[in-house]
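This report describes the interior of one protein structure: its open and enclosed spaces, its cores and one of its helices. The sequence and the structure are shown first.

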Amino acid sequence: MRMTTRLFVCALLALPAQRISAQEKPPVRDTAAQLPAWRLRIMGIYDDRTGAPVEGADVIDVVNGNSAKTTSTGTVSLAFMPDGGGLVRIRKLGYDVQTMMVSIAPTDSLPITIILQKVVELAAVNVVDSARHYVSPGLRAFEDRRTKSSSGYFIPESTVRKEENRNVGEFLRSNIPSLTVVTGRTGAIYVGRSPRCGAGGPPAIYLDGVLLNTSSGPPNISEISLPTIAAVEYYPNTAGAPPEFNHTATSCGALVFWSRER
C-alpha cells in the first residue's frame, strides 16, 4: 500500500513539468522573413545635387497611412505596402514632396531609385511671423491658376480646413454643385460624368499631379481624407483643363486634389 501511494505522489509531481512543456510555443518569426523575396522590394532615395543617400525620408502609403523611414544608406523596404503596391508619398524636410504609383509584384521586384530635389523657400509675407514657409510647386501652381483661370472651380485651403470633418463626397457636393458625386451602398464614392461633356466619361482624378484613374474605371475616392488635403480644383470639360491634367482620352474634365504640407 505504501509503495502504491509513493508512486501516485511521484506521478502528481511530474504533471506540472509535463504541462509546462506542452504549453511552450515555438519562437515567432519576423513578419518580413515570412514574405516572399519580391514583397521586400527596395526603394533608394538620393539627393539630386550630391547623389548622397537621403536618410530619414518618410515613405508613406497614401491609402492606409502606413509608412517607413529610409536608413543611412537612403534605402527602405516596401514590405509595409500591400500586395500589388499602391500610391506612395515621399517626404523629407528641405526636399520637394513626390507622389507616385509603385507596383510590387513577382514581375516588379527590382530596386526603385528616387531623386529628391532641394526646395526653394518663399519669403514670408506675414509681418507677425517672420519665419520662412515652404510652399510646394503644386500649390504655387494652384494659386496661380486660381487667380488667372476662368474655366475651373477652385477650393482653397481655408475652405477645406473649415469643412475637414465632412467626408469627401459631401464636401465636393456642397462646394462644386456642377460635379456629379455618387455614393455606393458600400460607402465607395465615385465622380460621375459631367452634363457639360459632349463626349468622354467621368473626369480624370489626380492627387498631387498623379493620375488615379485606371483601365477598370474611375477610382473610389472615399479613402481621401480632407485633413490631409490643402486644395481642390475642378474642370468640367477637358477643353478648359490645363495640359498637365489631360492624360487620358477616355475622360472628360479633371478633378485635382493637392496634399496639405503642414
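In this predicted model, the largest pocket holds about 620 Å³ of space. Its lining is made up of 32 residues, and those closest to the centre of the pocket are Val62, Val63, Leu87, Leu207 and Ile224. Strand 2 (58-61) and strand 5 (84-91) each contribute at least two residues to the lining. Strand 5 provides the largest share, with five residues.

An enclosed space is also present. A search of the whole structure yields one cavity of 30 Å³ or more. The largest cavity has a volume of about 40 Å³, and the residues that line it are Ala204, Thr238, Ala241, Phe245, Asn246, His247, Thr248, Ser251 and Gly253. The linings of the two spaces divide by class as follows.

| Space | Nonpolar residues | Polar residues | Charged residues |
|---|---|---|---|
| Lining of the largest pocket | 15 | 11 | six |
| Lining of the largest cavity | three | six | no charged |

The report turns next to the cores. In soluble globular proteins, nonpolar side chains tend to be buried together. The largest nonpolar core of this model has 23 residues, of which Leu172, Leu179, Ile221, Val232, Leu255 and Phe257 touch the most other members. At least two residues of this core come from each of helix 4 (168-175), strand 10 (189-191), strand 11 (204-207), strand 13 (229-235) and strand 14 (254-259).

Leu255 illustrates how these parts meet. Leaving aside residues up to four places away in sequence, Leu255 touches Leu172, Ile176, Leu179, Val191, Pro203, Ala204, Ile205, Tyr206, Val232, Glu233 and Tyr234. Apart from the largest core lies another core, of 18 residues, including Met43, Val54, Met100 and Ile104.

Helix 4 deserves a separate description. Which residues of helix 4 are buried? They are Val168, Gly169, Phe171 and Leu172. These residues lie on the same side of helix 4, because they cover an arc of only 165° around the axis. As a general rule, an α-helix has 3.6 residues a turn, so residues three or four places apart point the same way.

The buried residues of helix 4 pack against strand 8 (153-155), helix 3 (157-162) and strand 9 (181-183), and also against strand 10, strand 13 and strand 14. Of these partners, strand 10, strand 13 and strand 14 each supply at least two residues of the largest nonpolar core, as does helix 4 itself.

How values were computed: Residues numbered from 1 in each chain as written. Predicted model: local features only at pLDDT ≥ 70, side-chain atom pairs only at ≥ 80, totals over all residues. Heavy atoms only, no water. Core = buried A, V, L, I, M, F, W, Y, C linked by side-chain atoms within 4.5 Å. Buried < 20%, exposed > 50% of the residue type's maximum accessible area, 1.4 Å probe, protein only. Helix = DSSP H or I, 4+ residues; strand = E, 2+ residues; numbered from the N terminus. Contact = heavy atoms within 4.5 Å. 1 Å grid on protein atoms, 1.4 Å probe; cavity = no way out; pocket = protein on both sides within 12 Å on 5 of 7 lines; lining within 4 Å. Points joined across faces, edges and corners; volume = space filled by probe spheres on them. Nonpolar A, V, L, I, M, F, W, Y, C, P; charged D, E, K, R; others polar. Arc of directions from axis to C-beta.
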